[in-house]
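Visitor: I would like to be guided through a protein model, with each term explained as it comes up.

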Amino acid sequence: MSKSIGLSEDTIWVDYYRYRPFILPVLVLLVCTFLFLYVIIPQMRSWLSLEGQITDTRAKVQTLTQDITSLSSVNDTNLDSQMRIVAKALPVSKDLISMLGSLDNAGVSSGVSISDYSVQSMAGSAVGTNQVIQLSLSVTGNLASVEKFITALKNEIPLADVVDMRTTQTSSALTITFFYKPLDKITFNESDKIQTLSASEINLINKLASYDINKTDSGDLPSLNSGLN
Amino acid sequence: MSKNINLLQKKGKNYSQDDQILLIVQRLSLFALIIVIFSTLTLFALNYDTTLPQLKRQQNASLTNLSLLQAKTAKILFIKSRLVQIQSIMDKRNNYESVLNQITQLTPKDVSIDELSIMHSILTITYSSKSLASLSNILDTMTSMVDTKQTLQTLHVDDLSGDTQTYILTLSAKLL
């Protein structure tokens with residue numbers, strides 16, 4: 001007796017007719033699954049990322065609007081004046097005239113006479129993020145006069161510091177550093193909020209302004225245009 | 001013909017199972033179709049949202065306005081950056097005037113300061129006096145300043161000499 005192995009044509013046709021109603025729903029299921037996995041889920045992901053973009057952009061717009069409002073309220077003349085004071089306190093370059101001027105002012109207000117000025121190096125050296133120029137000078141007067149001179153020098157701009165001193169009963173030799181800082185590139189990101197000057201910053205500027213005996217209201221401001229991103 | 005053979009009953013039972021499976025598959029496919037159509041319509045509606053282009057336009061307009069205020073922005077950032085440095089310098093400056101003031105205060109009238117130097121935070125003072133007791137008082141006061149960590153960190157007597165007329169005391173101290 002022979003046994004047929006495998007599917008005969010009749011069996012295939014019988015199965016086909018038997019399972020024909022399944023073809024369409026199964027096909028629909030497969031297509032739907034494919035669409036869900038490869039179209040709808042990526043689309044949902046991209047929509048979620050779009051929502052993230054919307055949130056970010058909304059925050060940026062809000063920051064920009066606040067920046068514009070706060071900047072518009074800043075007085076340009078005051079800003080120039082404040083800029084002049086800070087640029088005089090910490091100049092962008094070696095300003096020998098201002099340095100000698102502040103020494104002279106300190107000498108006058110403390111009642112000492114200054115002589116033998118010498119700049120140790122015009123090249124400048126770095127102290128932290130700042131550059132300094134060292135000057136040595138002689139001051140005639142007793143210890144009390146030197147103390148007054150040092151106090152007076154601290155109340156002068158450009159900023160200076162006495163690093164070394166040697167004093168006798170009638171005269172003193174001082175080494176003084178003057179600070180300056182070359183202009184850095186000012187970077188500004190549109191997403192950063194621009195803070196106008198705080199009360200403590202304005203107080204510091206007012207303190208520096210009180211040191212400025214010559215009350216410099218005019219003069220060149222440092223050129224910043226090239227430094228802003 | 002055997003009565004145990006009932007092909008119709010078996011065939012009928014098979015069709016019934018197939019029908020049940022078919023019903024489930026049809027319902028599943030319908031459900032999947034509804035989900036896909038609903039998701040597509042929802043995504044279409046969501047993507048049709050014009051908020052982002054509007055926000056981008058607002059952002060560009062704000063950036064244009066801000067660029068007109070660029071000079072002010074640069075000035076404020078310059079001032080702020082300088083003020084940070086200035087404050088740091090002011091905080092770190094040597095307080096020599098206070099040291100000199102303290103030394104002057106603690107020096108008795110019958111003692112004179114012949115020489116005083118401050119180099120790299122090392123204070124060196126040479127006192128001269130006719131009174132050895134006054135020099136001793138200075139030494140005591142300075143020692144207590146080291147003990148209380150007031151201005152001075154260490155104290156050394158470098159020299160103590162004298163003749164019948166004048167005594168000379170040289171001290172060196174490391175400032176705090």
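Guide: Accessible areas come from the Shrake-Rupley method with a 1.4 Å probe, and for residues only the protein chains shown count as cover. This is a predicted model, in which local features need pLDDT of at least 70 and side-chain atom pairs count only at pLDDT 80 or more, while totals for chains, interfaces and linings use all residues. Residues are numbered from 1 along each chain as its sequence is written, chains are lettered from A and ligands numbered from 1 in the order in which they are written, and side-chain values use heavy atoms, leaving out hydrogens and water.

Visitor: What share of the area that chain A exposes do carbon and sulfur atoms supply?
Guide: The area that chain A exposes comes to about 12900 Å². Of this area, the share supplied by carbon and sulfur atoms is 56%.

Visitor: In which order do the elements of chain A run from the N terminus on?
Guide: Helices (H or I, at least four residues) and strands (E, at least two) are DSSP runs, numbered from the N terminus. Chain A has 5 helices and 5 strands, and their order is α-α-α-β-β-β-α-β-β-α.

Visitor: How far apart are the end C-alpha atoms of helix H1 of chain A?
Guide: The expected span of a helix is 1.5 Å times one less than its number of residues. Helix H1 (residues 9-72) of chain A has 64 residues and should therefore span 94 Å, which agrees with the distance between its end C-alpha atoms, 87 Å.

Visitor: Which residue of S5(A) is the bridge partner of Met165(A)?
Guide: Two strands pair if DSSP finds at least two bridges between them, and strand S4 (residues 160-168) and strand S5 (residues 171-180) of chain A pair in the antiparallel sense over 7 bridges. These two strands form a hairpin with 2 residues between them. Within S5(A), the partner of Met165(A) is Leu174(A).

Visitor: Which residue of S1(B) is the bridge partner of Thr168(A)?
Guide: S4(A) is also joined by 4 bridges to strand S1 (residues 111-119) of chain B, and the two run antiparallel. In S1(B), the partner of Thr168(A) is Glu115(B).

Visitor: Which helix gives the largest share of the largest nonpolar core?
Guide: A nonpolar core is a set of buried Ala, Val, Leu, Ile, Met, Phe, Trp, Tyr and Cys residues joined through side-chain atoms within 4.5 Å, where buried means under 20% relative accessible area. The largest such core has 44 residues, and Phe149(A) and Leu116(B) are among those with the most contacts inside it. Its largest share, 6 residues, comes from chain A's helix H4 (residues 143-154).

Definitions and conventions. Buried < 20%, exposed > 50% of the residue type's maximum accessible area, 1.4 Å probe, protein only.
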